[in-house]
Amino acid sequence: MTEVEVVQLLVSPSHRLAGRPSDGPAPGPDDELVPEVRVRAGLGLVGDRYFGRAAHRDAAVTLMSEENLPRDIDPSAGLPQTRRNVLLRGVDVDALVGSTITLDSGPGPVTFAVNRPARPCAWMDVTVGPGAQRALRGKGGVRCTPLSDGVLTLGPATLTVVRAPSVTA
């Protein structure tokens with residue numbers, strides 16, 4: 001069990017990074033950052049653009065480590081710029097690929113399968129700043145499938161690795 005902090009939560013009903021990065025992001029709602037999110041097993045975050053979409057079931061929720069944000073490029077960088085859902089302080093989520101984890105911010109544990117890296121795209125150089133895509137390589141967060149229903153809230157939390165990634169010879 002690791003003591004962490006849920007620093008930011010983002011639920012966005014619209015896909016703002018579509019088309020060419022040179023055209024800039026589409027406008028979106030001002031209330032994407034929320035104090036809590038409802039998680040549904042196999043579906044994602046209630047109200048999010050990827051909720052219940054079959055093509056995104058293995059990537060419905062994206063976790064990112066605050067320590068990996070390229071703050072040297074933009075000191076205010078966070079979830080609105082990276083378009084991840086959950087920003088955690090105190091854990092290297094990128095090292096958890098292949099794991100099953102629980103995240104408990106108070107209302108009870110929520111279980112996630114950590115499926116694959118969230119690779120940074122060219123949009124990062126637009127939304128965060130020039131050089132952000134390169135700075136986030138290998139540190140862009142992880143795409144997850146929620147395995148249980150629950151609620152995540154801002155503030156102190158515990159992260160537990162329920163099943164570590166399998167080691168292949």
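Start with the whole chain on screen: of the contacts in the protein with a separation of 6 or more, 75% are between residues 24 or more positions apart. Keep in mind that this is a predicted model. Colour by secondary structure and you'll find three helices and 10 strands. Walking from the N terminus, they come in the order β-β-β-β-α-β-β-β-α-α-β-β-β. Switch on a surface and you're looking at about 8000 Å² of accessible area, with 52% of that belonging to carbon and sulfur atoms. Of the 169 residues, 48% are buried.

**Stop 1: the barrel**

Go back to the cartoon. Seven strands close into a barrel here, running S1-S5-S4-S8-S7-S6-S10 around the ring, with mixed pairing. On average, neighbouring strands in this sheet are turned by 40° against each other, ignoring direction. For one pair in detail, select residues 110-117 (strand S7) and 142-146 (strand S8): these two run antiparallel, joined over five bridges. Show the side chains of Arg116 and Arg143, and you'll see Arg116 standing opposite its partner in S8.

**Stop 2: Asn85**

Now select Asn85, in the loop between helix H1 (79-82) and strand S5 (86-89). Is Asn85 buried or exposed? It has 2% relative accessibility, so it counts as buried. Display what surrounds Asn85: leaving aside residues up to four places away in sequence, its contacts include Gln8, Leu45, Asp48, Val61 and Leu79. Then pick Thr62, whose backbone nitrogen sits 2.9 Å from a polar atom of the Asn85 side chain.

**Stop 3: the salt bridges**

The structure has seven salt bridges. Begin with Glu5 and Arg89, where the closest N and O atoms are 2.5 Å apart. Glu5 belongs to strand S1 (residues 2-9) and Arg89 to strand S5, so this bridge ties together parts 84 residues apart in sequence. Glu5 is partly exposed at 30% relative accessibility, and Arg89 is partly exposed too, at 33%. Add Glu66 and Arg71 to your selection: together with Glu5 and Arg89 they form a network of salt bridges.

Next, select Glu32 and Arg83, which meet at 2.9 Å, N to O. Glu32 is in the loop between S1 and strand S2 (36-40) while Arg83 is in the loop between H1 and S5, so parts 51 residues apart in sequence are tied together. Both Glu32 and Arg83 are buried.

Finish at Asp149 and Arg40, a salt bridge at 3.9 Å, N to O. With Asp149 in the loop between S8 and strand S9 (150-153) and Arg40 in strand S2, the pair ties together parts 109 residues apart in sequence. Asp149 is partly exposed, at 47% relative accessible area, and Arg40 is partly exposed at 35%.

Terms used: Residues are numbered from 1 along each chain as its sequence is written. This is a predicted model: local features need pLDDT of at least 70, side-chain atom pairs count only at pLDDT 80 or more; totals for chains, interfaces and linings use all residues. Side-chain values use heavy atoms; hydrogens and water are left out. Two strands pair if DSSP finds at least two bridges between them. Helices (H or I, at least four residues) and strands (E, at least two) are DSSP runs, numbered from the N terminus. Axes are lines fitted to C-alpha atoms, for helices over the stretch in contact, and angles run from 0 to 180 degrees between N-to-C directions. Buried means under 20% relative accessible area, exposed over 50%, partly exposed in between (1.4 Å probe, protein chains only). Contact means heavy atoms within 4.5 Å. Accessible areas come from the Shrake-Rupley method with a 1.4 Å probe; for residues, only the protein chains shown count as cover. A polar contact is a pair of N or O atoms within 3.5 Å; within protein, one must be able to donate a hydrogen and the other to accept it, and residues adjacent in sequence count only if both atoms are side-chain atoms. A salt bridge is a side-chain nitrogen of Lys or Arg within 4 Å of a carboxyl oxygen of Asp or Glu.
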